[in-house]
Amino acid sequence: MSAWAFAVAIASAAAASAQDVKHYRFAYDQPRNTGYSIAGDLFADKLKELSKGSMLIDQYPGAQLGQEPQILQLVKAGDVDFAIVSSANTATISPQAGVMSLHFLFRNEAHVIKGLADPQVFEAIRTMIDETTQGLHVIGTGSQGVRHIYSKKEIHKVDDIKAMKIRVQATATEDTMFPAYGAQTVHMPFGSVYTSLQTGVVEAAENSINVYLVNKHYEVAPVLSLTEHEANNALVFISDKLWQSLSAEQRQWVLAAAAEISAKEPAKAFELERTAATKLKSLGVKIVEDVDKKSFTTIADPYLDKLAKELGPHAEKIKNLIRAIN
């Protein structure tokens, strides 16, 4: 073979392998340095390793492709390949997913980490999504810690939020629980929360510590009360359009990469929560640690079984599986 023919052959091989490399969009609505970006990185690294560089993930953080309800629609349409979305916002396409947002369903951090990695819980969630909506599939679970209430005033017990206007996620769970505590619920996209707190449209909001930090909500709501009322769960999705186009081997790589998220991301998210709390204290944020959780759980506990049952059989099964984890 002449030197020229050899060069052509090498160039052709390089072009062919470049064509074999495919890029996929992975979207989420939080910035980098959050639990969602940890999930994105774990997934991208593992998929690249397993596929020997033939399946590469391009991450779109910070709601570049839309807020969570929009992202879900894009995944369903096949315009976005992968996404990590809160289970609460997943209730916009599959109402029974609201079960994951039931208040005080999870007992503590260890229970969240164990619950999200539990194969039976995952299988029940996957089945719920497959049987109640179309165009996408759940391939993993994630976390952004647990949710707390933040505002301009300290909250030590449930009576302190009476008549307060609180921005909550638009789910049946939130719309039942916060009024049960005596608060008024307000719905709005996450991107509008900062301004609404600033202008007084709402008096409080609720989210995890790191989300509160990276989105600078402490600037307009400088008191964080550790209510731990709800696990900030997330689900990892693949579009059905992409799933149908993958070979059996590629599907295995995708599932193995997503399993990395379920196994490792929640614990890392809680580490991020602790780091964020330290940073917030250094910024002068008042963190109320002595919240009387019993004043909340006394009201919330009777709703657990009732709401899960009302949501439907998938929700009830998921609730029972989570409660049974020790």
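Lys-281 counts as partly exposed in this predicted model, its relative accessibility being 47%. The side chain of Lys-281 takes part in a salt bridge with Glu-289, in which the closest N and O atoms are 3.1 Å apart.

**Salt bridges**

Across the whole structure, a search finds 13 salt bridges. Three of these pairs are set out below.

| Salt bridge | Closest N to O distance |
|---|---|
| Glu-289 and Lys-281 | 3.1 Å |
| Asp-305 and Lys-319 | 2.7 Å |
| Asp-160 and Lys-157 | 3.3 Å |

The pair formed by Asp-305 and Lys-319 links distant parts of the chain: Asp-305 belongs to helix H12 (residues 293-311) and Lys-319 to helix H13, with their positions 14 residues apart in the numbering. Asp-305 is partly exposed, at 48% relative accessibility. Lys-319, in contrast, is buried, with a value of 6%. Elsewhere, Glu-123, Arg-126 and Asp-130 are joined into one network by salt bridges that share partners.

In the pair of Asp-160 and Lys-157, the side chains meet at 3.3 Å, N to O. Asp-160 is buried because its relative accessible area, 16%, falls under the 20% limit. Lys-157 is partly exposed, as its relative accessibility is 37%.

**Helix H5 and its surroundings**

Helix H5 spans residues 109-117, and its buried residues are His-111, Val-112, Gly-115 and Leu-116. These residues lie on the same side of H5, because the arc they cover around the axis is only 120°. The elements that cover them include helix H6 (119-132), helix H11 (248-282) and helix H13 (313-324), together with strands E4 (136-151) and E8 (223-239). At the N-terminal end, H5 is capped by Asn-108, which has a side-chain oxygen 3.3 Å from the backbone nitrogen of Ala-110.

**His-229 in strand E8**

Strand E8, one of the elements covering the buried residues of H5, also holds His-229. The relative accessible area of His-229 is 1%, and this residue is therefore buried. Two polar contacts involve its side chain. The side chain of Glu-206 is one partner of His-229, at 2.7 Å, and the side chain of Thr-227 is another, at 2.8 Å. When residues up to four places away in sequence are left out, His-229 touches Leu-102, His-103, Phe-104, Arg-147, His-148, Ile-149, Phe-178 and Glu-206.

**Strand E7 and its pairing**

Glu-206, the polar partner of His-229, lies in strand E7 (residues 204-207). Which residues of E7 point one way, and which the other? Ala-204 and Glu-206 share one direction, while Ala-205 and Asn-207 take the other, and all are buried. In a regular strand, side chains alternate between the two faces of the sheet.

E7 pairs with E4 in the antiparallel sense through 4 bridges. It pairs with strand E5 (residues 165-167) in the parallel sense over 2 bridges. Ala-205 of E7 appears in both pairings: it is the bridge partner of Tyr-150 and also of Arg-167.

**Nonpolar cores**

The largest nonpolar core contains 55 residues, and those with the most contacts inside it are Ile-161, Tyr-181 and Phe-237. Helix H6 gives the most to this core, contributing 6 residues. Ile-161 touches Ile-149, Ile-155, Ile-166, Phe-178, Tyr-181, Gly-182, Ala-183 and Phe-296, again not counting residues up to four places away in sequence. Ile-149 and Phe-178 are thus named among the contacts of Ile-161 and also among those of His-229. A second core, separate from the largest, has 26 residues, including Tyr-36, Ile-38, Ala-234 and Ile-238.

**Ser-245 in helix H10**

Helix H10 covers residues 240-245 and includes Ser-245. Is Ser-245 buried or exposed? Ser-245 is exposed because its relative accessible area, 52%, lies over the 50% limit. A polar atom of the Ser-245 side chain lies 2.7 Å from the backbone oxygen of Leu-242.

How values were computed:
Residues are numbered from 1 along each chain as its sequence is written. This is a predicted model: local features need pLDDT of at least 70, side-chain atom pairs count only at pLDDT 80 or more; totals for chains, interfaces and linings use all residues. Side-chain values use heavy atoms; hydrogens and water are left out. Buried means under 20% relative accessible area, exposed over 50%, partly exposed in between (1.4 Å probe, protein chains only). The arc is that of the directions from the helix axis to the C-beta atoms. Contact means heavy atoms within 4.5 Å. A polar contact is a pair of N or O atoms within 3.5 Å; within protein, one must be able to donate a hydrogen and the other to accept it, and residues adjacent in sequence count only if both atoms are side-chain atoms. A salt bridge is a side-chain nitrogen of Lys or Arg within 4 Å of a carboxyl oxygen of Asp or Glu. A nonpolar core is a set of buried Ala, Val, Leu, Ile, Met, Phe, Trp, Tyr and Cys residues joined through side-chain atoms within 4.5 Å. Two strands pair if DSSP finds at least two bridges between them.
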